[in-house]
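Here are some exercises to help you find your way around a new structure. Try each one yourself, then read through the worked solution.

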Amino acid sequence: FSLGRQTSLPTATLTGIQVNTLASALLQSNTIALGGASTGSGNSYGIYANGPVNLRITNNIVYNGRSNTGGTGTHYAGYGLNNPTGIVTVAGNDWSANGPGGMLIRFFGMDIPTLVKWRMVLQGLSIPMEWNSISETPIFVGTSDLHISSTTPNHLIRGGAFGAVGPDGNLDYDIDGNQRPYSASIGACEISGTRSPRLSGS
């Protein structure tokens with residue numbers, strides 16, 4: 001798990017987590033947030049995958065709030081340059097990229113702007129994933145504190161994939177040392193508060 005946010009470097013290409021060719025990775029229960037104004041041509045990526053072997057992406061907040069202010073880059077929550085060659089699982093994530101120049105996902109050479117269209121692409125390819133993911137702008141406690149505010153109802157609370165365990169196969173814990181319940185929150189930290197009712201088709 002990790003908490004990370006980058007808001008400066010206005011002309012840079014930024015990447016939250018990158019997984020490269022021949023690597024395998026478990027990306028679970030992270031909070032990734034990119035922000036700030038882009039004045040150059042550099043793109044930014046919450047998660048960038050370039051032909052890994054086995055890849056599991058579950059229960060992550062991937063928020064790219066970077067915005068173009070005279071810039072021309074595209075700011076992705078998720079970006080797949082080349083597809084994984086092994087086993088892939090993607091579920092229970094919160095993907096959002098809502099600033100000017102934002103794009104939710106790139107996959108198979110296509111820019112996919114919304115979660116609904118992302119699911120349609122996966123369904124068309126007979127890939128049964130992401131049915132329980134959401135696209136909700138997270139409300140953080142502060143600019144440098146990426147814990148989620150518990151005073152505003154949201155879909156992150158108990159919104160992750162059920163039954164996630166740690167990398168060693170034992171109980172999973174959040175970044176603050178709290179044990180994860182069977183129905184865990186999305187992101188690096190467990191959240192107490194009120195869960196918003198899920199809308200049909202969301």
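**Exercise 1.** Does Leu22 count as buried or exposed?

*Solution.* Keep in mind that this is a predicted model. Start with the location: Leu22 sits in the loop between β2 (14-19) and β3. Next, take its relative accessibility, which is 73%. The cut-off for exposed is over 50%, so Leu22 counts as exposed, at 73%.

**Exercise 2.** Find residues other than glycine with a positive phi, and say where they are.

*Solution.* First, the background: most residues other than glycine have a negative phi. Leu22 goes against that, with a phi near 75°. Arg158 is another case, since its phi is positive, about 55°, and it is not a glycine. To place Arg158, look in the segment after α1. Its relative accessible area is 43%, so Arg158 is partly exposed. You can add Ser126, which comes just after α1 and has a positive phi of about 55°.

**Exercise 3.** Work out the overall make-up of the protein.

*Solution.* Begin with the secondary structure: there are one helix and 14 strands. Then check the radius of gyration, which is 16 Å, while the globule rule gives 17 Å for 202 residues. Those values are close, so the protein is as compact as a globular protein of that length. Along the principal axes, the C-alpha atoms fill a box of roughly 45 × 40 × 35 Å. As for burial, 47% of the 202 residues count as buried. Finally, look at contacts with a separation of 6 or more: residues 24 or more positions apart account for 75% of them.

**Exercise 4.** In what order do the strands of the three-stranded open sheet lie, and which strands stand at its edges?

*Solution.* The order is β3-β7-β11, and the pairing is parallel. Now look at the edges: β3 (25-28) and β11 (88-91) each have a single partner strand, so one side of each is left without a neighbour in the sheet. From one strand to the next, the twist averages 5°.

You can then go pair by pair. Four bridges hold β3 and β7 (residues 55-58) together in the parallel sense. Here Ala25 stands opposite Leu55, and Gln28 stands opposite Thr58. On to the other pair: β7 and β11 also run parallel, joined by four bridges. Thr58 turns up again here, with Ala91 as its bridge partner in β11.

**Exercise 5.** Which residues of α1 are buried, and where do they lie around the axis?

*Solution.* List the buried residues of α1: Leu115, Trp118, Arg119, Val121 and Leu122. Around the axis they cover an arc of only 155°, so they lie on the same side of α1. Next, ask what that side meets: the buried residues pack against β13 and β14 (110-112). Turn to the face pointing away from the buried side, and you find the exposed residues Met120, Gln123 and Gly124.

**Exercise 6.** How many aromatic pairs does the structure hold?

*Solution.* The count is nine. Take one of them, Phe107 with Trp118: the ring centres are 5.2 Å apart and the planes make an angle of 75°. An angle over 60 degrees counts as edge-to-face, and that is how this Phe107 and Trp118 pair is classed. Now trace the two rings along the chain: Phe107 belongs to strand β13 (residues 102-107) and Trp118 to helix α1 (residues 115-124), 11 residues apart, so to speak of the pair is to speak of a link between distant parts of the chain. Both Phe107 and Trp118 are buried. Elsewhere, look for the aromatic cluster made up of Tyr45, Tyr48, Tyr76 and Tyr79.

**Exercise 7.** Is Ser67 buried or exposed, and which residues is it in contact with?

*Solution.* Find Ser67 in strand β9 (residues 67-68). Its relative accessible area is 19%. Buried means under 20%, so Ser67 is buried at 19%. For the contacts, leave aside the neighbours within four places in sequence; what remains for Ser67 is Gly36, Ala37, Ser38, His75, Gly99 and Pro100.

Definitions and conventions. Residues numbered from 1 in each chain as written. Predicted model: local features only at pLDDT ≥ 70, side-chain atom pairs only at ≥ 80, totals over all residues. Heavy atoms only, no water. Pairing = 2+ DSSP bridges. Helix = DSSP H or I, 4+ residues; strand = E, 2+ residues; numbered from the N terminus. Axes fitted to C-alpha atoms, helices over the stretch in contact; angles between N-to-C directions. Phe/Tyr/Trp six-rings, centres within 6.5 Å; stacked < 30°, edge-to-face > 60°. Buried < 20%, exposed > 50% of the residue type's maximum accessible area, 1.4 Å probe, protein only. Arc of directions from axis to C-beta. Contact = heavy atoms within 4.5 Å. Rg over C-alpha atoms; globule rule 2.2 N^0.38 Å.
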